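This briefing walks through selected side-chain interactions, grouped by topic, for a reader who wants to follow them residue by residue.

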Amino acid sequence: ALEETIRREQQEARPEREALEALGACYKKALAAQLAGSESRLAEVQQQRRTLREKQEGFQKQHIEGEREQAAKSNQLQSVEAFFTDRDRQRDRLRQDGALEPKEEAAAALERWLAASKQSAEAATRARAEHQTTLTEAAQLTEQRHKLATEATETESRLKHLAARIAEAEQRETALATHPEMQAAIEAPRADLDLPATVDRLRQRVAALLNQLLRLNADMAEDERAEKHVERDGLFPPSGDVEAVVEHLKAQGVASATPAGQWLALNVTKADDATALLASDPARFHGVMFNALADQARAEATVKSARAPHAPVQVSPTPEQMPVPSSAPPLVVPPRHAGAYNRDAAQAERQSLQMRLRSARTTADTLRSQQKAAAELETNLTAWLEEFGGGKLATLREQKRGEEQSLVTLRQREQTAAEQSAAKQTLARELDAQ
């Protein structure tokens, strides 16, 4: 029953609802039309507003540009006024300076100024040409000065080299010419190295010192041999020939072979008696003796093939009885001492021998030093002569004088070129200033 009632009420309310819906649709359509018209008018208003704003901005820009143009015109006006003021001032100054005649017309002044301008232009052209010529000449002078300076530097270098060589040559010449060995060779305080005799005398000095040294060494060798023989046997040694024959005989089996001086030392105690016996038969008592009983045959066979180095040597058997000196001995020069056949004499002579050896060694050292110095001096002299002798040193001195004169001339030319270049540059600056 309730649902039926509700349905009945809904059916009764349907016409009213439909009328209301129709009325609402009409209102809605009217509102939509009004809304569309309002939006259209709003868009037009906004467009007009934008247009007006743009026009306003354009008017503002025009206003600003007008103000700027007005300021520029004011400046131009001021410039024009300043121009006319300056023109009047310049005109007064020209009149005061005489460049503009009083009451002179502009055309006449212009013509006169054009003529003066033409003359000034021609003068300026000539000045530029002269300026360019001056600069060119200044550059040439500068280049010439540099070349002269380079040549002077090279000349100075050569001069220093020559001076160094000459100084070295003179120093070496002085050292060679005043060397003690050179003074001893030429027997003068200073030698002339270019003289041929100087080299010859120095070579003779070197050879003489060498010969003295060789002789002294030979004497020293003999004295040292004697010293060793005295130390070993108590006697001075026999001659070299006797000693060589004794060694040869012993090598061939003659064991009893001995120098005759040793037989005298064993059998004759007094030196004077031994000397007298030696003088009575020098060949026998200065030779070689052997025991005939033991070595007669072998000695005879060996002697036939033996040879002494220098002098003959007599080989004889030892005496069976003591020999007696002859009453009329031959003329014989005895030895300086009896040390070769008497031990007491040998010991006494040994002291003199030792002193002589010490002195000889000192003398040998001196001779050796002198000979070495002289030989070095000869070598240095030869080198000096090859490098500076034969007029070469004089030629170097002449070259040095020539280089000195050339250097002075080059320095003078360089100074002249520098002064001329400075003058040209000063002239160019003056022309620039004009």
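The structure holds 22 salt bridges, and it also contains two aromatic pairs. The model is a predicted one, and the points below take up some of the salt bridges, then the aromatic pairs, and finally the surroundings of one threonine.

**Salt bridge within helix α1**

- E4 and R7 are joined through their side chains by a salt bridge, with a distance of 2.3 Å from N to O.
- Both partners belong to helix α1, which covers residues 2–97, and E4 and R7 stand three residues apart, about one turn of the helix.
- E4 has a relative accessibility of 39% and therefore counts as partly exposed, and R7, at 41% relative accessibility, is likewise classed as partly exposed.

**Salt bridges that link distant parts of the chain**

- R350 and E227 meet through their side chains in a salt bridge of 3.0 Å, N to O; this pair links distant parts of the chain, since R350 is in helix α10 while E227 is in helix α4 (residues 196–233), 123 residues apart.
- With a relative accessible area of 13%, E227 falls under the 20% limit and is therefore buried.
- A salt bridge also connects the side chains of R336 and E349, at 2.9 Å from N to O; here too the pair links distant parts of the chain, with R336 in the loop between β3 (315–317) and α10, E349 in helix α10, and their positions 13 residues apart.
- The two partners of this bridge lie in contrasting surroundings: R336 is exposed, with a relative accessible area of 62%, whereas E349 is buried, with a relative accessible area of 11%.

**A salt-bridge network**

- Which residues are linked in a network of salt bridges? R165, E168, R172 and E387 are the residues linked in this way.

**Aromatic pairs**

- W263 and F285 form a tilted aromatic pair, in which the ring centres are 6.0 Å apart and the planes make an angle of 35°.
- W263 lies in helix α6 (residues 260–267) and F285 in helix α8 (residues 282–285), so this pair ties together parts of the chain that are 22 residues apart in sequence.
- W263 and F285 are both buried.
- In the pair formed by W384 and F388, the ring centres are 6.1 Å apart and the planes stand at 45°, so this pair is tilted; the reasoning rests on the rule that planes under 30 degrees apart count as stacked, those over 60 as edge-to-face, and the rest as tilted.
- W384 and F388 both sit in helix α10 (residues 343–388), where they are four residues apart, about one turn of the helix, and both of these residues are buried.

**The surroundings of T198**

- Is T198, which is located in helix α4, buried or exposed? T198 is buried, because its relative accessible area is 5%, and the limit for a buried residue is under 20%.
- The side chain of T198 reaches the backbone oxygen of D192 at a distance of 2.6 Å.
- When neighbours within four places in sequence are left aside, the residues in contact with T198 are M182, I186, A191, D192 and L193, so that D192 appears both in this list of contacts and as the residue whose backbone oxygen the T198 side chain reaches.

Methods. Residues numbered from 1 in each chain as written. Predicted model: local features only at pLDDT ≥ 70, side-chain atom pairs only at ≥ 80, totals over all residues. Heavy atoms only, no water. Phe/Tyr/Trp six-rings, centres within 6.5 Å; stacked < 30°, edge-to-face > 60°. Helix = DSSP H or I, 4+ residues; strand = E, 2+ residues; numbered from the N terminus. Buried < 20%, exposed > 50% of the residue type's maximum accessible area, 1.4 Å probe, protein only. Salt bridge = Lys/Arg side-chain N within 4 Å of Asp/Glu carboxyl O. Polar contact = N/O pair within 3.5 Å; in protein donor to acceptor, adjacent residues only side chain to side chain. Contact = heavy atoms within 4.5 Å.
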